[in-house]
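Reader: I would like to know how the terms used for a structure are justified. Please set each value against its definition.

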Amino acid sequence: MTSGIFYYLNADPAISGIKRDLKAVKAAGFDFICLHPMPDKFHKQTFFCGMKYPYLGEKYFSLIKDTVGMCRELGLQVMLYDEGGWPSGSVLDSLVKKYPECRVKSYVKDENGRIITQYEDIPDLLDKCTVKHFIEMTHELYFRELKEEFGKTITAIFTDEPFWTGQPGWEMVRYNDSFPGIFRKKYGVSFKKDILPLIFDGSAEQPGAENARRMYLEVCSELFSRNYSAVIAHWCRKHHIALAGHLDSEDTFFISGSRCGNLIRRLDPFDIPGIDAICRQIYPFEKTGYFARFASAAAIRNRREKAIAEVFNVYGYGITPQEMAWISGSLLISGINCLAPMPYLYSDRGKHKICCSTDFSPRIPQWDAMKELTSLWNWAGDFNAGALDAPVWVLARTESPTVERNIPLEKHEIAEKKVLDILQKLSGAGIFYRLADISDLDSPDLPELLIVPSPVPEAEEKLGKLACRVEDHVPDDIARYGEVKILAGKGVEVLPCIRKEGFCLMLWNSGEKSTTFTFESQYLWEEIPAPSDMSYYFAPVKKTGHDYSLLLASGQIRILKRSTKESLPERNITETLELPLAFTVVRQEKMAFSLTGKTGYQNRICNIPLPESGNFCEYDPEFSGKITLTSAFDAPLDGWAFFSFERAAHCAEVMVNGKSYGTRAFAPWVFKIKVKKGLNKLKIKISSTAGNEFRRFFKEELQPVKWVNALSTIVSNYTVSDAECGIFGKFFLTYINAGDEK
């Protein structure tokens, strides 16, 4: 289970439609689907129309059974989803209606300043009884209907942003009846007398407030882990499946831990701990995925084989395959080895299609790139996420545990920047590190180096007694903690990992340009070739003494394994020729969204030159879709060669003399082809993104009838990075010596 896709039932589905979709998912190379119901009642004001079949009703389960059966026949695994929308725990708001005693209890102040009790119509997931009812109303129903598939086709269940019930600094303080006893036993304090007054909004500057709030968050995290995560994980294991999922606000942890509490502890019971990367939380050269290391930390300290990321939702219809490759590289190098894009929308009619302003299905041109992306993920993600502990830990602790109106946000941002600078320096130095919490300080297996970004009064005594090096910054000799000695290659990050091939190094270029990575090592290394990536042949690893060097394109991953071979195989490249290619556009397939009908393509046979710039959108600035280009070139010899160019926008299939030589969706843009002496016919099919058409559709059709939501508005404000459709740069033909073509 390495690559999956969230399959949204955002309309009343038909068996024929589900079968068509599942075949497309399988053909795109995915291992599993996460079966995600989107009932009509769920956030109707935001997502408009949805599945009208009653959630968890007879018709619903009939469809789910058929869907799981089709997955079994296709060889797809199924990850169930435990809610009708999100956040998890409410059973589509029905749990607290059936069991009102499970509502969250809060303390608030009335107009006279007196503290009174107030109930909210959301479930208290710190309470074990609430969680047991949640299991009875969801998990048990799935097992009753599908028990023969549990542990076979059904391998996991995903919990998504479950209701978090503790955030100091609000006008209300969420409360659980077990608090008094826990605070007295754990800290020797009275909750109502010593803690409660220091949690309300406006009390942050009072003496002892920070310590009280840290205690409160720790108790909430402990209860959540014990009564939600652990209880559901136990149920899952008993029924031979895994608990997967993520919590919430992982990316804002170092601004304020208040929405997250102790993230690692809350994830500890998960079999597949996760995070989500949505709304461009990770984006090429702007935002890195440091927060993914919360999931990988939970995987490492609990020896879990998998860590998952829900990714690309609310990135928009214009997300490019190159961007997806970079974002997934950021996650993989952080220890995430299971990637699940979202969503694949079942329905494409009317208001259904707006949804989360992203769609991964054959309706969009980027779908042509999905097989390349899943091949990358299935190959690169084939490592054990929890097999190796890191030589460097960073204590994940916020300087201030809450954000309040009377505390300038700038203070929190400065504290966050301090931590992010540390993490970026570690990544830039090729250091394998993980995030840790205070409970890790009691571990018998300490790291070589512990970095503590800010003072930790509650653990000062522990820190002073640790049998490892402790610093508050990245030391000048940080290179000594690296797996290899890096000699050159700015922007390349390194992840030591255990794969079936043995001990390996994953290398990822986070920079905007290609770079040659050079390192020194006492060990011997050889490359594990990536599927369809010709770098192994075109730019092989070179060894000089104890030094190794290899070229990495922007966003590219290459993996080396420890070897017993004294020398690397030679790749004999002969002359490189620049090809003076001129392209003709012989076909265009223009994508068209429709407010009332299906998304489709308007096909047109044409015979026009590709603009000199290489961008077909010069003819039509609103073009989204696919174009077919033809050209021809003279080759001086028969044989195998590499055909290469700078880039395509945004996916290219290359055909020579009527034979396809594969698709590339991201750099390096290199194809291994067979040419004949004399004239060779070249055809290249280019797929763009759906971005131009979505922007037109949003402006001309959605906005005028007010069929928009907050997420589609977010997407409409993104910087445009996807408007081109074409092929760019110079073109080269590089011959391979006879005998090397295999």
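Reader: What makes the approach of the side chain of Ser521 to the side chain of Trp525 a polar contact?

Author: The two side chains come to 2.9 Å. A polar contact is a pair of N or O atoms within 3.5 Å; within protein, one must be able to donate a hydrogen and the other to accept it, and residues adjacent in sequence count only if both atoms are side-chain atoms. The pair Ser521 and Trp525 is listed as such a contact. The side chain of Ser521 also reaches the backbone nitrogen of Tyr523, at 3.1 Å.

This is a predicted model, in which local features need pLDDT of at least 70 and side-chain atom pairs count only at pLDDT 80 or more, while totals for chains, interfaces and linings use all residues. Residues are numbered from 1 along each chain as its sequence is written, and side-chain values use heavy atoms, with hydrogens and water left out.

Reader: Why is Ser521 called buried?

Author: Buried means under 20% relative accessible area, exposed over 50%, and partly exposed in between (1.4 Å probe, protein chains only). Ser521 has 6% relative accessibility, so it counts as buried. Ser521 is found in the loop between β20 (515-520) and β21. Leaving aside neighbours within four places in sequence, Ser521 is in contact (heavy atoms within 4.5 Å) with Val484 and His546.

Reader: What makes β18 and β21 edge strands?

Author: Each of them pairs on one side only. Two strands pair if DSSP finds at least two bridges between them; strands (E, at least two residues) and helices (H or I, at least four) are DSSP runs, numbered from the N terminus. The open sheet has 4 strands in the order β18-β19-β24-β21, with antiparallel pairing. Its twist averages 30° from one strand to the next.

Reader: How do you know that β19 pairs with β18 and with β24?

Author: The count of bridges decides. There are 8 bridges between β18 and β19, and 5 between β19 and β24. Arg499 stands opposite Gly502 in β19, and Leu507 stands opposite Arg558 in β24. β18 and β19 also form a hairpin, with 2 residues between them.

Reader: What makes β19 mostly covered?

Author: In β19, 7 of its 8 residues are buried. Helix α12 (residues 321-332) lies across β18, β19 and β24, running at about 140° to β19. Axes are lines fitted to C-alpha atoms, for helices over the stretch in contact, and angles run from 0 to 180 degrees between N-to-C directions.

Reader: Why is helix α13 described as largely enclosed?

Author: Of its 11 residues, 8 are buried, so α13 is largely enclosed by the rest of the structure. Among the buried ones are Trp377 and Trp379.

Reader: What makes the crossing of α5 and α9 right-handed?

Author: A crossing is right-handed if the near helix is turned clockwise from the far one by less than a right angle, and left-handed if anticlockwise. α5 (residues 128-137) and α9 pack at about 35°, with their axes 9 Å apart, and α5 passes α9 in a right-handed crossing. Residues that meet there include Phe134 in α5 and Trp235 in α9.
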